[in-house]
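Reader: I am new to this structure. Please take a close look at one part of it, the surroundings of a single cysteine, and connect that part to what lies around it.

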Amino acid sequence: MTGVGLAERLVVHRTLTERSPALVDEMVGAVVDQVPIYRELSDTQLREVTAIAQWAVTRLTEMWVDGTRLTVRDISRFRGIGATRATDGRPLLAVLRAYRVAAAVITDAVAEHAPPGLTVADLAALVQALVAALDDLSEALANGYQHKAAELITDRRQLIDEFLHDLLAGRQTSPGALADRTEQLNVRVPASFGLLLAVGDPASPQTHRARVAALAESPAVGADHGPVDLSTGALLSTMRAGAGVLLLPDEHDRCAVATAVAAGGWRACLISGASAATLPQDYRAAVAALEHAPVEAFARRTVLDRGDALTVAVLHGAPPVDRAALHAAVLGPVLTPANAHLFEGLHAYLTHGSAIEAATAVGLHPQTMRHRLRRLTELTGRSLTHSWDRLVLAVAHASLPPPGR
């Protein structure tokens, strides 16, 4: 640059360079004061901020003196800084604001140390140089940040997939290992949750992963208290052996989930009350249910439950079934002393095959027996008039220990 103001600008440049330690401290202090997230930085990160501030004092005033802009090397450096900010999780908007704060400190310092010959035109040129520099470095920071963030999202998605596959297989699921991995991945796995395994038409033009993602985003399966990726709020989901796997909040709305599954063209099995410890066994039961359940099992529902899955396992011979779990899943409250009359009605119906004959066998009016059977349906969600439901109830009933044992 030549012309009026060059000598004065050089004076300012030399002055700021000479007092750069104090100016850098002032810049870093202003950034920490005005950008809250910078108050949480480690000593190492603050040293990095100090080094960048030192660069800004000398390089930005050089550009004002010689009328140039950031070089290719400068741009490359700021792309790298942007990538580093994405890695350490510092928000991009906060980073850009920090640079604006630093530029304001430099402007104030130039005005403070301006020699008598420095004109308004010189100060206007300073502002133009700083705006151009901020524009160039902001673009470079954003490019580096966004590129790295996309890489990190892909890598993190893979890590979460691996974590879920380990949970399903029962690997690295001790309380200590589980706590470490959930903290590292910033995910939440509550003590109890629902396991949804879904399969669809392999010829569908929509990929299974896309359909799982659509199901996970359905308002029917709100994630407020569920197993979630805390950084995105998305429910934990993955693909395994061609099926979609989704972990749901334990308090999910089963009817709403069934509607969402049907809308997506799925068939599914939903195991409620799963935990990290029981997940491998629950997953194997759900897989067997979807592979071996007869067509009749889906006649009244698109989503099978734990009772369905355990019944299929009994009929198929695998996986092993805990009889107490089968009884609880299918009969539940019917087995309590308060509902002994309902169990009596079920036993009579399964033994004699009709409400009239069952009523005769226990000395009841047929209408009373029908009332008991309707109440049985309300409590179990299964109707004795439906072939699959009747079979599920019969299997659970037949597997009960004889009275007195």
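Author: Buried means under 20% relative accessible area, exposed over 50%, and partly exposed in between, with a 1.4 Å probe and protein chains only as cover. The model is predicted, so local features need pLDDT of at least 70 and side-chain atom pairs count only at pLDDT 80 or more, while totals for chains, interfaces and linings use all residues. Residues are numbered from 1 along each chain as its sequence is written, and side-chain values use heavy atoms, with hydrogens and water left out.

The part chosen is Cys 269, which is buried with a relative accessible area of 0%. Cys 255, in contrast, is exposed at 61% relative accessibility. A disulfide is a pair of cysteine sulfur atoms within 2.5 Å. For the sulfur of Cys 269, the closest cysteine sulfur belongs to Cys 255 and is 16 Å away, so the two are too far apart for a bond. The count of disulfides is zero.

Cys 269 belongs to a nonpolar core, meaning a set of buried Ala, Val, Leu, Ile, Met, Phe, Trp, Tyr and Cys residues joined through side-chain atoms within 4.5 Å. The largest such core has 54 residues, and Cys 269 is among the four that touch the most other members, together with Phe 163, Leu 195 and Leu 331. Helix α10 (residues 279-292) gives the most to this core, six residues. Helices (H or I, at least four residues) are DSSP runs, numbered from the N terminus. Another core, apart from this one, has 48 residues, including Val 31 and Trp 64. In soluble globular proteins, nonpolar side chains tend to be buried together.

Contact means heavy atoms within 4.5 Å. Leaving aside neighbours within four places in sequence, the contacts of Cys 269 include Leu 195, Ala 286, Leu 290, Val 303 and Asp 305.

Asp 305 leads on to charged groups. A salt bridge is a side-chain nitrogen of Lys or Arg within 4 Å of a carboxyl oxygen of Asp or Glu. Asp 305 is part of a network of salt bridges with Arg 300, Arg 301, Asp 308, Arg 382 and Asp 389. Within this network, Arg 382 and Asp 308 form a salt bridge whose closest N and O atoms are 2.9 Å apart. This pair links distant parts of the chain, 74 residues apart: Arg 382 is in the loop between α15 (366-380) and α16 (387-398), and Asp 308 is in helix α11. Both Arg 382 and Asp 308 are buried. The structure holds 20 salt bridges.

How values were computed
Helices (H or I, at least four residues) and strands (E, at least two) are DSSP runs, numbered from the N terminus.
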